[in-house]
Amino acid sequence: MKLRTGRKEKNNIRPKSGQTIIRVEDLQELIEKNGGEIDEDTLVSMYVPRRNIRRMARDALRLDKVHMLVYGLIALVMILFIFAFMQEKMGNFTINLDRLEMFRKGVSISETGEFENPTAKLKAASVENATNISINDLPKDIDSVQGDHNGRDYMAYTYFVRNAGKEDLGYEATITLDKSAKGAEEAVRVAVWHNGERVVYAAPSKNGKPEKGCVNFKSDEVVCRIREPDFLLGNVDKYTVAIWLEGDDPECVDKIIGGALEFSMRIDAIEENKTGLLSKLIQDIRDTLTGDDAIGAAGNDAPDYYKNRNVTWETRRNQ
């Protein structure tokens, strides 16, 4: 029996006297050093150690995994882009009432003046494939219809805000431009009827002045702020919001075709109660025990502390 130690020689190339063995992977470097020439006595070895083969295999597999990861990320980005584009195309208009400072105190919103379903959030239906129109194309009775009443080329929504709580307070309603595409915001009009009084808002003209018959947006993101400092017990405010692309606007050009817009309206208390959530929870528990119809901050059914007086748009205090 013969005992062998060490690794078995894998290279069958035996250099002759005066010859030098060099691996293929080092050949290019040698050629460059010798000005493009190589000694005829230099042997080129194709031998690659097994560990290097394994390493190369791992590197190749890792490269495949990297490629797969990159392709997967590209696909994910494309899917998210398409989804975002679809969402942008859909567009919407939402109204959100501050739950902690207003909703839990008995202030609520509803798309009907009777307040059958008072809530803290409303969402208007969207309009697809709208084309530009003139303000004169809006219905004359647009402020007389409740809830959703979109036209073919405009969005219109009417809702009500009610104070059926236990205290007088003030609020500020802010309309914001949340999303826009292809410069459609330059030609849009936002008309707001607050208790029957209409104001039309638009982005400033190129010289910074208001468009004809309009009030400038507050900023690129904020359309307007409506302040109601004395929202007394039993008061109900009515809002109608209409949105359309104004055909008479100089910025209403072909480049905005395919654009999209998305707005929201938020109603916040002017004076915020500085007490923490725990204190408010304790107060809600106390009100529950005393029969004051308390509500949790995440509740969906508005408390009606003023319910015995049946507060509606028709019976409101602020007529």
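Tyr 154 sits in the loop that connects strand 6 (147-148) with strand 7 (155-163). Please bear in mind that this is a predicted model. Is Tyr 154 buried or exposed? Its relative accessible area is 12%, and because buried means under 20%, Tyr 154 counts as buried.

What does Tyr 154 touch, leaving aside residues up to four places away in sequence? The contacts are Val 127, Ile 133, Leu 138, Pro 139, Ile 142, His 149, Ile 243 and Trp 244. Thr 131 is 23 residues from Tyr 154 in sequence, and the two C-alpha atoms are 8.5 Å apart in space.

I turn now to the sheet. Five strands form an open sheet with mixed pairing, in the order 5-3-14-8-12. Its edges are strand 5 (121-124) and strand 12 (222-231), each of which pairs on one side only. From one strand to the next, the twist averages 15°.

At one end of that order, strand 3 (residues 93-97) and strand 5 run antiparallel and are joined by 4 bridges. Within this pairing, Asn 96 has Lys 121 of strand 5 as its bridge partner.

Let me close with a residue of strand 8 (residues 169-181), namely Gly 170. The relative accessibility of Gly 170 is 10%, so this glycine is also classed as buried. Which residues does Gly 170 touch, again not counting those up to four places away in sequence? They are Glu 228, Pro 229, Phe 231, Asp 268, Ala 269 and Ile 270. Of these contacts, Phe 231 lies 61 residues from Gly 170 along the chain, yet their C-alpha atoms are separated by 5.2 Å.

Notes
Residues are numbered from 1 along each chain as its sequence is written. This is a predicted model: local features need pLDDT of at least 70, side-chain atom pairs count only at pLDDT 80 or more; totals for chains, interfaces and linings use all residues. Side-chain values use heavy atoms; hydrogens and water are left out. Two strands pair if DSSP finds at least two bridges between them. Helices (H or I, at least four residues) and strands (E, at least two) are DSSP runs, numbered from the N terminus. Axes are lines fitted to C-alpha atoms, for helices over the stretch in contact, and angles run from 0 to 180 degrees between N-to-C directions. Buried means under 20% relative accessible area, exposed over 50%, partly exposed in between (1.4 Å probe, protein chains only). Contact means heavy atoms within 4.5 Å.
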